[in-house]
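Student: Could you take me on a close look at one part of this model, the place where two helices of one chain pack together, and then show me what lies around it?

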2 protein chains.
Amino acid sequence: MSYTIKDVAKKANVSVATVSRILNNLPGYSEKTKEKVLEVIAEMGYQPNAIARGLINKKTKTLGVLLPAVSDTFASVVLSGIEDMAHELDYSVMVCNTDKDGKRTMKYLQALREKQVDGIVFVSEFFKEEYYNAIIAMNLPVVLVSTKSKYDVPFIKVDDKKAVFDGVTYLLERGHRSIGMIAGTKGDPIATLPRIEGYKRALKEKGHPVDRRKIAFGDFGFESGITAAKELLDKNDDLTAIFCSSDEMAAGALSYLYRMSIRVPDQISIIGYDNTKVAEMAIPPLTTVGQPLYEMGKNAVKVLLDRETGEQQSVFMPHQIVERETVKVIEKEETE
Amino acid sequence: MSYTIKDVAKKANVSVATVSRILNNLPGYSEKTKEKVLEVIAEMGYQPNAIARGLINKKTKTLGVLLPAVSDTFASVVLSGIEDMAHELDYSVMVCNTDKDGKRTMKYLQALREKQVDGIVFVSEFFKEEYYNAIIAMNLPVVLVSTKSKYDVPFIKVDDKKAVFDGVTYLLERGHRSIGMIAGTKGDPIATLPRIEGYKRALKEKGHPVDRRKIAFGDFGFESGITAAKELLDKNDDLTAIFCSSDEMAAGALSYLYRMSIRVPDQISIIGYDNTKVAEMAIPPLTTVGQPLYEMGKNAVKVLLDRETGEQQSVFMPHQIVERETVKVIEKEETE
DNA sequence: TTTCTCTACGTAAACGTTTTCGTAAATTTA
DNA sequence: TAAATTTACGAAAACGTTTACGTAGAGAAA
């Protein structure tokens, strides 16, 4: 098998304690023995066993990440940020595909606990009470990304309400008056309601009426964007723009419009949300209100790990409208 | 802190050995004590410490996955398959974003070794000698997904040569005669050369000449699809179809054609490779030769874990042309 | 020189399990 | 009933580290 610290100690004629001290560079040995030991280690190719270390240190240097689906564009870039920062800080990450399934999530939570992870980041899903209880029961730091909860759990997200407010204001400023919205899952208090709120607020602020027939609901996925776009177009014949709550749904809308031979942005403008790769690859390239997904992932592990010491707080990340080619300027309004 | 097996033992008036036996259901206790112990466990909410278990069992029930980028559509669905199967078999997975960086990959390999993972799956990247050496040095099972190597390491992949052969044959059978190809990274012996081989073979088989000006190289990414498409169109004015070595590059080509106001598939047909979500979301929906990415991931962990016992072999996965709307039938050829 | 303080280690316990070995009691067999 | 076997446990070692504690010797301070 592999060599252990004992083998190293023996070969270097020192005790395991000394080897351990050298490995962790604690004081307590001469320069000479250090060199000797290091030499032996290199020679044998010894590598410490992190499991044994974890047992005694009660730290595994690994994080658990729970997300609805790793193959989801949105989640996967968050994951990417998480992974990068974790790597930077010498942590490993275990991924868990919850499939939005409560049972499955609980199983993962249990597995993560048994494997003694040092922290958990929970991405983009609704954070159920059940999860919260499980996590505080295991007394682990958690941080939420792109979601939040009524419990006092730090989160990293953009201010959705403000973000869609800005998005539809952007449309209004360009002369759009009849603006539809494809929202997310109906009734979702985290991912849908605030966005609708932002949409309404923007309209009201400029003195435009809110018409509920101009709001359709999807599930953030491509297919739902298609059907929601259809629904919107069927119910309204004066729409000049549609705000979509995810880039994927925007892509769905684009797809539907293409099928209907409705030109974008000439006949209808589309604006997405997220700024994932799908926005970039869309035809035409999708104007969208971007979230700093990667940064959010990085940030999440930063606050997660800082929490081990002083409690760090939730952070609202900045959003930004990235202009591409799906919104038409009907009439440019003065903006200060 | 958390309860340990000792706490359980004490409270149940048995020894830790008995508790352990019950937990692992080994024989050696009466039904009565079993009930009692289980009751105590439930009551205390005891959960075994997998780290301690790992130390003694020399099994951690976790796998390492190395991939170029988790945010890559391709890799992320493979990962999704890996994760699902791992979960099914009660394994956890640690993800490692190699960024295609050799140094970084080696660091991950070391971390995985220290953390005593039970196996490694290596996705889609070129498997360097250095990696191979490190992995056999740590004497761990590996399996490659969507890549292979000159060493005797099991792999899961489709037969690229055959797959693109079928793809361009598909084009030929529909009357296309001047077919361009956007290949992957120039010179890549795994991901590019066999595909070019397949392309050439298909042309030759039907008696068509191979013209090197009809081959452009990219890097599998969207942007490179744009530039490669431009290159192809600039160099050839008779192209009726382009075979792309990845869906993303196909999306890039689509994007370029859109910009040039060249209609797809009316003026030029496009066929992609992979059948990721981007094919589905493309405008128009992309015809592509699909790889069973998710299944490949699942399969990978199956053979990885089977290897622990009898050596299981590499497997070639089936590919399949999924027809959508980017190839035009110029003239239907008889096909038996 | 004596005492004190470091330095440079080594010994052994501890972390939370699993598992080997041993054994008393229960059960079966003779 | 006696012997043999089986059942139902418990004690303790082991996994590979870290770390508290102890100590011999070197050097400093007195």
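**A helix pair and its surroundings**

Tutor: Happy to! In this predicted model, helix H1 (residues 5–12) of chain B and helix H2 (residues 16–23) of chain B have axes that come within 8 Å and cross at roughly 105 degrees. Angles of 65 to 115 degrees count as roughly perpendicular, so H1(B) is roughly perpendicular to H2(B). On the H1(B) side, the contact is made by Ile5(B), Lys6(B), Val8(B), Ala9(B) and Ala12(B), while H2(B) contributes Val16(B), Val19(B) and Ser20(B). Sorted by class, this contact has 6 nonpolar, 1 polar and 1 charged residues.

Two of these residues turn up again at the DNA. Ile5(B) and Ser20(B) are among the residues that come nearest to DNA strand C, together with Ser15(A), Ala17(A) and Ser30(A), out of the 28 residues around that strand. Both helices of our pair, H1 and H2 of chain B, give two or more residues to this surface, as do helix H4 (50–57) of chain B and, from chain A, helix H2 (16–23) and helix H4 (50–57). The surface near DNA strand C has 15 nonpolar, 10 polar and 3 charged residues.

Helix H4 of chain B leads us on to the other chain, since H4 is also one of the elements that give two or more residues to the side of chain B that touches chain A. There, 41 residues of chain B are in contact with 41 residues of chain A. The largest share of chain B's side, 6 residues, comes from H5(B), and by class that side has 22 nonpolar, 13 polar and 6 charged residues.

Strand S2 (92–97) of chain B also belongs to that side. Strand S2 (residues 92–97) of chain A is joined to S2(B) by 3 bridges, and the two run antiparallel; here Met94(A) has Met94(B) as its bridge partner.

This pairing sits within an open sheet of 12 strands with mixed pairing, ordered S11(A)-S5(A)-S4(A)-S3(A)-S1(A)-S2(A)-S2(B)-S1(B)-S3(B)-S4(B)-S5(B)-S11(B). Strand S11 (315–317) of chain A and strand S11 (315–317) of chain B stand at the edges with a single partner strand each, so one side of each has no neighbour in the sheet. On average, neighbouring strands are turned by 25 degrees against each other, direction ignored. For a parallel example, look at strand S3 (residues 119–123) and strand S4 (residues 142–145) of chain B, which are joined by 4 bridges; Phe122(B) has Leu144(B) in S4(B) as its bridge partner.

Notes:
Residues are numbered from 1 along each chain as its sequence is written. Chains are lettered from A and ligands numbered from 1 in the order in which they are written. This is a predicted model: local features need pLDDT of at least 70, side-chain atom pairs count only at pLDDT 80 or more; totals for chains, interfaces and linings use all residues. Two strands pair if DSSP finds at least two bridges between them. Axes are lines fitted to C-alpha atoms, for helices over the stretch in contact, and angles run from 0 to 180 degrees between N-to-C directions. Angles under 35 degrees count as roughly parallel, over 145 as roughly antiparallel, 65 to 115 as roughly perpendicular and the rest as oblique. Two residues are in contact if their C-beta atoms, placed from the backbone, lie within 7 Å. Ala, Val, Leu, Ile, Met, Phe, Trp, Tyr, Cys and Pro count as nonpolar, Asp, Glu, Lys and Arg as charged, and the others, Gly among them, as polar. A residue is near a molecule or strand if its C-beta atom, placed from the backbone, lies within 6 Å of it.
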